[in-house]
Amino acid sequence: IDNELRNNDIVKLSERRYPFTIIDRYFKNINASFVSTDNYNMMYNAMKFLRSRKFKDIVYLTTSASLATTVEDRLNGFIDGYKAHYGKDPTDSLLMIENFLPSQIYKAIDKYLDSHPLPQLIIAPGAQHIADSIEFTLDRRGIQWQKNLVFLLHIYQNLKKQLTSQKRKKF
């Protein structure tokens with residue numbers, strides 16, 4: 001289910017008390033079982049991790065919070081983690097867009113780059129079309145960028161596991 005949409009079919013199932021489970025998110029207005037990751041702590045800890053790796057210029061590309069708490073939890077984790085680990089308000093590091101259509105991403109990245117230097121890192125949800133849209137925008141502007149510029153959320157935990165297991169192997 002897309003974060004930006006209110007899915008009428010799920011609302012109807014809930015109203016009819018049909019048993020179902022929502023995977024990887026939950027909705028505030030729907031009484032249903034759910035299985036979800038801790039998106040708040042993931043983003044909070046990502047800020048700690050990135051600060052420890054000396055990343056200073058970070059941009060978080062996201063939509064506004066919606067009925068799906070996944071987006072809201074990530075956003076709040078980013079804001080709180082940024083404040084805690086960078087010691088300042090993340091307003092200049094938030095790039096809010098209406099939706100993740102490629103045209104919205106192009107416009108947002110272009111507008112951001114018109115008034116800001118290229119960040120060290122752009123954090124974005126893990127969908128491939130989002131990464132492709134960011135890369136296309138940078139390429140179109142003739143910007144040389146590192147392949148690790150786009151930090152996809154779904155790889156954070158794998159990255160952390162790899163770093164942890166690499167540290168263990170050294171001992």
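Which residues form a positive surface patch? In this predicted model, the patch consists of Arg-51, Lys-54, Lys-56 and Lys-88. To place these residues, it helps to begin with the chain as a whole.

The chain contains six helices and six strands. Read from the N terminus, its elements follow the order α-β-β-α-β-α-β-α-β-α-β-α. Of the 171 residues in the chain, 40% are buried.

Two lysines of the patch lie in the loop that joins helix 2 to strand 3: Lys-54 and Lys-56. In this numbering, helix 2 spans residues 39-52 and strand 3 spans residues 58-63. Lys-54 has a relative accessibility of 62% and is therefore classed as exposed, the cut-off being over 50%. Lys-56, with a relative accessible area of 53%, is likewise exposed. The backbone of Lys-54 also deserves attention: its phi is positive, at about 70 degrees, although the residue is not a glycine. Most residues other than glycine have a negative phi.

From this loop the chain continues into strand 3, which pairs with strand 5 in the parallel sense over three bridges. Within this pairing, Val-59 stands opposite Ile-122 of strand 5.

Strand 5 itself comprises residues 121-124, and both of its faces are covered. In a regular strand the side chains alternate between the two faces of the sheet. Accordingly, Leu-121 and Ile-123 lie on one side of strand 5, while Ile-122 and Ala-124 lie on the other, and all four are buried. The partner of Val-59, Ile-122, is thus one of the buried residues of strand 5.

Technical notes:
Residues are numbered from 1 along each chain as its sequence is written. This is a predicted model: local features need pLDDT of at least 70, side-chain atom pairs count only at pLDDT 80 or more; totals for chains, interfaces and linings use all residues. Side-chain values use heavy atoms; hydrogens and water are left out. Patches are made of residues with over 30% relative accessible area and no salt bridge: like charges are joined within 9 Å, nonpolar side chains (Val, Leu, Ile, Met, Phe, Trp, Tyr) within 5 Å. Accessible areas come from the Shrake-Rupley method with a 1.4 Å probe; for residues, only the protein chains shown count as cover. A salt bridge is a side-chain nitrogen of Lys or Arg within 4 Å of a carboxyl oxygen of Asp or Glu. Lys and Arg count as positive and Asp and Glu as negative; His and the chain ends are not counted. The place of a charge is taken as NZ of Lys, CZ of Arg, CG of Asp or CD of Glu. Buried means under 20% relative accessible area, exposed over 50%, partly exposed in between (1.4 Å probe, protein chains only). Two strands pair if DSSP finds at least two bridges between them.
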